[in-house]
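User: Could you take me through a close look at the place where the two chains meet? I am new to this, so please explain the terms as you go.

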Protein chains: 2
Amino acid sequence: MVHPRVLQALGQPLLGHLDPVFLALMNEIQALLRATFHTENEFTIALSGTGSAGMEAVIANLIEPGDRAIVGVNGVFGSRLATMIERSGGIPIRIEAPWGATIPIEALEQELARSAPVKAVVLVHAETSTGARQPLEDVGALCRAHDALFIVDAVTSLGGIPVEVDTWGIDACYSGTQKCLSCPPGLAPLTVSPRGMGVIRKRQVPCHSWYLDLSLIADYWNDHSRAYHHTAPISMLYGLREALRLVHEEGLPPRIARHQVNSDALMAGLQTLGLSPLPSPGHRLPMLNCVTLPDGIDEAMVRTHLLQQYGIELGGGLGPLRGRVWRIGLMGESCRQAHVLTLLNALEEIFAGQGRPAQPGRAVKAAEEVYTHSLGSARRGA
Amino acid sequence: MVHPRVLQALGQPLLGHLDPVFLALMNEIQALLRATFHTENEFTIALSGTGSAGMEAVIANLIEPGDRAIVGVNGVFGSRLATMIERSGGIPIRIEAPWGATIPIEALEQELARSAPVKAVVLVHAETSTGARQPLEDVGALCRAHDALFIVDAVTSLGGIPVEVDTWGIDACYSGTQKCLSCPPGLAPLTVSPRGMGVIRKRQVPCHSWYLDLSLIADYWNDHSRAYHHTAPISMLYGLREALRLVHEEGLPPRIARHQVNSDALMAGLQTLGLSPLPSPGHRLPMLNCVTLPDGIDEAMVRTHLLQQYGIELGGGLGPLRGRVWRIGLMGESCRQAHVLTLLNALEEIFAGQGRPAQPGRAVKAAEEVYTHSLGSARRGA
């Protein structure tokens, strides 16, 4: 779901991509993105492609042929990163963890020592294929101690849980617009630290991609040069500016709290229906609730029924989790109490129709208790 | 300018990128694009990036390390193609022509013989930096005779002059949405022949770009597989469908005739003001009118005045043409008699204000004569 103000912005008449009014809009987007990423990085932009283009831009620019990069692989997007490192001529050193688990910092530390020199450590903050939340707080210092860059995929996390680029010592971080920022897909918010830009500017050979060459793109977004590179996707940038304004009108801390309480309520309801979270406590994403299914459920049938009768789309399992989990998004504008309760109601009804033992209203009640408790806490200032 | 129906389409609520309703929309876009490119190519899609992403996708997928590719260089975009060929590990063989001129077919023929084997011949159909229209009709047969692929940049031409992919034997052709298709920038219409797809499927090593890997993208657009690759830019595709429907409601032949008559009228008016077309007769693009300027004009000042007082944006000269030409776009929805007359009126006024000898109304009259003549022809069925 996208806020009506964003839809309205998308449909505004066009400006030229070098028109002074449009350039001012680009500056505003940069400032809003810096506030969202919690960074002072000058190079903070919206790339002209989806989140995967952001991933490729960061890897293709920072990983040169022969570079070793440690990459956490515990789901679809870690695997994709390893593939991109290979395609850029780098050597991915995969640290694997079971799908749903996270990468232990001890494993990163050991590998940094064993494989030195390492050009970069690459981690997925919010693994959309498993719902796992990767701790990042202490990785930046570790990377600096080993003279490695720290690269983070924040496609699904940005705007829903804290992403502290500067505090956590992240050198390059990219996201997508269609997750917790609630803008249509098509742009990749991206920020690179001065240390990261220094590496890019000092490359021996240009990166394979001209379209995603960040040194050229930087010269277009830089207000002092504005060198033409490619034609910016004007309408999408209108939409993103409005989406980011909405994020900051709400405020990041309340927005993050909203994601957490809706996830807690959803999970409380789902557990009464026999669905359990896949990731362990403390490593669960609020915007991507990945739950394992009880035996005897025709999961594909239930999802089709939800989509056709209720207009609710759940994600199925990917890779080794196919048929075993659901991935329930509660992102940005879609992360609302009404959606949580509607889904729980629908599932109770469908499960009862499949002859499963049911206590009508129990799931909704469990969720409502979470909301009541949370409202109480808020009133008490807790 | 974009038609209000396209703006309205951009602002429609979102569907999921694997939703059956959205997949049907993708099929419709493919059919409309095939009709626009005049091709039966199954692989005819809208790539998730601007026209430059289309350029990079074609080069990165078709040019493998060590491949030689002949590229016509007579402006900004031919140079960019040569750069991309190099970045893909290929060897560009540049055939240069002065800016504003076209690449002679004899030069291509000689080079194909001299440099054999050649993997591809790459030409820009409509060179936006010079207004030159490259003849393509006989190049495809020549390429086949030398077992080379034929690659065409149709960013500015598609929808404004004929682009006959199958008849002309083109193996890969890409465009942009924001030129004569009158959709906002952000997508690259792209078509690849079965011969071209065969080359891509038989690559020894995958192309450097994962995001632009056409073998993976083909599996998402293929209605039988729909394998997830990246999240499609939903809103932009809504807009493109509507823009393509408008193209075919008007019909390509009337649309092409409209571009020609407006360009003829504009040129007739400009010549009375002392502005002459840069390209030679027979090689002038109707949607991008590149004219050399009379002496004594402060061209940057005139352009600023036009933008600020009249809301008209003219392109300045690029590279060696900086300060020497104007590039006047008459593309898609913006290609209208009212725009031609408004611009000519404004220029007459500004030139008179600069103390240049003027015969008030002469430029507009010259343009109107073209329209009258053309209406007459149309009434006579000519």
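Analyst: Here is a walk through the interface, with the terms explained along the way. This is a predicted model, in which local features need pLDDT of at least 70, side-chain atom pairs count only at pLDDT 80 or more, and totals for chains, interfaces and linings use all residues. Residues are numbered from 1 along each chain as its sequence is written, chains are lettered from A and ligands numbered from 1 in the order in which they are written, and side-chain values use heavy atoms, with hydrogens and water left out.

Let's begin with the area. Chain A and chain B bury about 3400 Å² between them, 63% of it on carbon and sulfur atoms; buried area is the accessible area (1.4 Å probe) that two parts lose on being put together, summed over both. On the side of chain A, the residues losing the most area to chain B are A:Arg87, A:Trp210 and A:Tyr211, together 22% of what that side buries.

A:Arg87 appears again in a salt bridge with B:Asp213, where the closest N and O atoms are 2.8 Å apart. A salt bridge is a side-chain nitrogen of Lys or Arg within 4 Å of a carboxyl oxygen of Asp or Glu, and the rule finds two across this interface.

Now for the helices, which are DSSP runs (H or I, at least four residues) numbered from the N terminus. In chain A, α1 (4-10), α3 (51-62), α4 (76-87) and α9 (234-250) each supply at least two residues of the side that touches chain B. Of that side, α4(A) gives the most, with five residues.
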